[in-house]
2 protein chains.
Amino acid sequence: LSERNLKAFRETFLELHPTDQVEVFQSLELAGQKQVLLFLSPEEFSDIFQGLDLHEQSEVFNQLGFQYAVAMFNYMPADDVADFLLEMEVENADDILQSMDQEEANKVIELMAYAPRTAGAIMTKEFIHLSVQSTANEVIDELRQTAVDAETIYYLYVIDENHHLAGVVSLRDLIIAQPDQTVDEIMSTQVVSVFENADQEEVAHLIKEYDFLAVPVVTPDKKLVGIITVDDVIDVLEEEAAEDFDEFTASKGATDVNLTAFTAAKKRAPWIILLMFFGLITANIIGQFEETLEQIVLLAAFMPLIMGTAGNTGTQSLAVAVRGLATGSIEKTGVWKIVKRELGTGTMLGVVCMIVLMGIISIFYNGNWLLAFIVGVSLFFALSMAAVIGAMVPLVINKLKIDPAVASGPFITTLNDILSLLIYFSIATTLLDQLV
Amino acid sequence: LSERNLKAFRETFLELHPTDQVEVFQSLELAGQKQVLLFLSPEEFSDIFQGLDLHEQSEVFNQLGFQYAVAMFNYMPADDVADFLLEMEVENADDILQSMDQEEANKVIELMAYAPRTAGAIMTKEFIHLSVQSTANEVIDELRQTAVDAETIYYLYVIDENHHLAGVVSLRDLIIAQPDQTVDEIMSTQVVSVFENADQEEVAHLIKEYDFLAVPVVTPDKKLVGIITVDDVIDVLEEEAAEDFDEFTASKGATDVNLTAFTAAKKRAPWIILLMFFGLITANIIGQFEETLEQIVLLAAFMPLIMGTAGNTGTQSLAVAVRGLATGSIEKTGVWKIVKRELGTGTMLGVVCMIVLMGIISIFYNGNWLLAFIVGVSLFFALSMAAVIGAMVPLVINKLKIDPAVASGPFITTLNDILSLLIYFSIATTLLDQLV
């Protein structure tokens, strides 16, 4: 990128789709990025800035002059500006907001006030609203002037004189309508809307269910304050899926690959140490059975097999419950039916594993029938129990409205470890007592 | 729902959004559903049928007369008909296709021929195409006639005389254009399209990246054959997230809550038994250290703690790798940087856990320093190793393009079990040999 090529660069670069511009920009070294900044106006660069993630945005922001940054923010959708400013030091944000265009700044301030992960926090203020008296033709004329700034022009929201949401007209309706029909006549008054404090996941599921392109956000008294578009909803769905996964693996907030090793360790250590204390309970339980272990040391060899198989069965049942809760299919089927089914599945898995394992042990451990019997029977009970616990714990926790992170994979597995070892050593001790 | 209420029912019911109609229909018992069928025409019912899942569709289908079903299929989008027929017995499907409107049937047959999970299999044939010579005004007039059947009228695809994709016009462009401008002048020729055999996940990520509402599907020689809309893509993203989760918990294809206990057990048993065989390897390894165990039986008590803590650390690292691969952030950061960071994180977690555990054991186990030392040091090495394995295995597997299911949680955990026990008993045996 030499300065002589300015014109050629601008011509090729600005022809690209913004998403491709972002990709090119990201692929450049710092020096190249600075050059691009010099070549582009704040308005042109605002498209690229929006496409960067927060981490990259703050790096680039440090390269921007204050005036350039302020001008750029004026051209960005208010929700993107709000997201960025919320991540920054507040004093700096205030400076920027005071220098911005007053109307734009007010939108940003309004959005910044919403609690994170609510409809208000993810909505955009760049939407088109109509009044009921306009005709189809007038609306289309007006769209020609204002369409550039709006996030979507495919749904047009109709408000009455008190700014209350009165209806919705799709661009489709508008095209099909006669030019002199009024908005009043063509709008649909059955508008599905969400409240500003609605959970973002709820909004996402609504849009997904109804195949909407956008949904309006209203205050409790039905004043229209913003809209949420389908592309924002896709991001929310991905974010929520990622979160479920992080919770499931007890690594919430620590799966970001950009963290340093130290930060990652600091975030992950509490979970690991907490779970290690459960491990101490297990150690204590086994310690109680020291005598039994001394009699048959080989019992220790099968501890991992029993714990592991119970753990895997429990994890599968957990997956059934977590998926069923996420998709809502458990609400339909009923909690107890699932628990009963899991008990059935666990019992069957238990029978199969018991038979396979008894056979293997009696062959490979010189016909040690006692060991085969203890391990096999323990496995049967451990699997039946693990399947029920794996399914029931998340369902109960969900009913009690406790944070489901408590029911994540490692916790269920640790619980199953403790219980399956108790089963194993109880059976072993009882049998040995009988025999001796 | 009594017959006298027919008119009232139709008036209220047909006012509802199709998604709400589906919900009402689903909430009815069989008798009620039959009544609704009698009250609605095949065209009216087609909206409801589309909204049911395949399981429900086949139940309802058995209630429909053949003629009613055929008429209904004529009104349904061809992709939904194809999805349903693919789940049925083939003979029956042929009968239906032969009785359907020929043009509709051909679309369905074409869609049924695509491999599942490709762009071709999820695309819709209900799209609007324009020729380059039309003017904006002509297009708008035409839309007034044909808009009803199309899945989206917000993107209009332009084809040349050979049916090749030549450009795209958004309804937005069309509104802003002068009425007498030709499509040629207003269309964008830089169209992002996908091939018919592209993976559905690839298509979903493209639409997500570019915030498109739809993307055109073309043959290798650029003939336009269909479009994929954003609402279909949301379903694909949800499906893929669910699959990743199922693979992660080694319960692929078995998380459906509608399966019977027996079917679920049959699907889950292979994983459980396979993993149990790994457990036998562990048993065998521990058996080799029988002598060491006889010397300090309490070593057995800490096996679950070491395995569990290593397993949890490995699962966290696995989560980092799986998430990083899913979001593409690892491609940017580089594989080795992640593995190195995980080694760092694992080492730090190891140091912390070692110190905590050595303290606890020496206090609660009567100053058994030897035990404390063996357990603590083993934990340090086990965690460092588990973090690296958890991160590296999925990354290597991804490079080798093997099915990532092999790297699912239970497999990594089992691998970590085996290795951490090897570390534990090797350290214990070496130390005991030194002391004796």
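Biologist: How many residues does the contact take from chain A and from chain B?
Modeller: In this predicted model, 114 residues from chain A and 114 residues from chain B.

Biologist: What area do chain A and chain B bury between them?
Modeller: About 9,500 Å². Carbon and sulfur atoms carry 69% of it.

Biologist: And how many salt bridges across the interface?
Modeller: The rule finds 6 between chain A and chain B. One pairs A:E342 with B:R268. Their closest N and O atoms are 3.1 Å apart.

Biologist: Switching to the inside. Which residues have the most contacts in the largest nonpolar core?
Modeller: That core has 174 residues. The list includes A:F45, A:F73 and A:L174 from chain A. From chain B it has B:F45, B:F73, B:L174 and B:I228.

Biologist: What is B:L174 in contact with, leaving aside neighbours within four places in sequence?
Modeller: B:A136, B:V139, B:I140, B:L143, B:L156, B:V169 and B:I186. Apart from the largest core lies another, of 95 residues. Among them are A:L357, A:V375, A:A428 and B:M276.

Biologist: Now the sheet in chain B. What's the strand order?
Modeller: β4-β5-β6, an open sheet of 3 strands with mixed pairing. The edges are β4 (194-195) and β6 (224-229) of chain B, each pairing on one side only.

Biologist: How many bridges join β5 to β6 in chain B?
Modeller: There are 5, and the two strands run antiparallel. β5 covers residues 214-218. B:A214 stands opposite B:T229 in β6(B).

Biologist: Which helix packs on that sheet?
Modeller: α14 of chain B, residues 200-210. This helix touches β4, β5 and β6 of chain B. Its direction makes about 140° with that of β5(B).

Methods:
Residues are numbered from 1 along each chain as its sequence is written. Chains are lettered from A and ligands numbered from 1 in the order in which they are written. This is a predicted model: local features need pLDDT of at least 70, side-chain atom pairs count only at pLDDT 80 or more; totals for chains, interfaces and linings use all residues. Side-chain values use heavy atoms; hydrogens and water are left out. A nonpolar core is a set of buried Ala, Val, Leu, Ile, Met, Phe, Trp, Tyr and Cys residues joined through side-chain atoms within 4.5 Å. Buried means under 20% relative accessible area, exposed over 50%, partly exposed in between (1.4 Å probe, protein chains only). Contact means heavy atoms within 4.5 Å. Two strands pair if DSSP finds at least two bridges between them. Helices (H or I, at least four residues) and strands (E, at least two) are DSSP runs, numbered from the N terminus. Axes are lines fitted to C-alpha atoms, for helices over the stretch in contact, and angles run from 0 to 180 degrees between N-to-C directions. Buried area is the accessible area (1.4 Å probe) that two parts lose on being put together, summed over both. A salt bridge is a side-chain nitrogen of Lys or Arg within 4 Å of a carboxyl oxygen of Asp or Glu.
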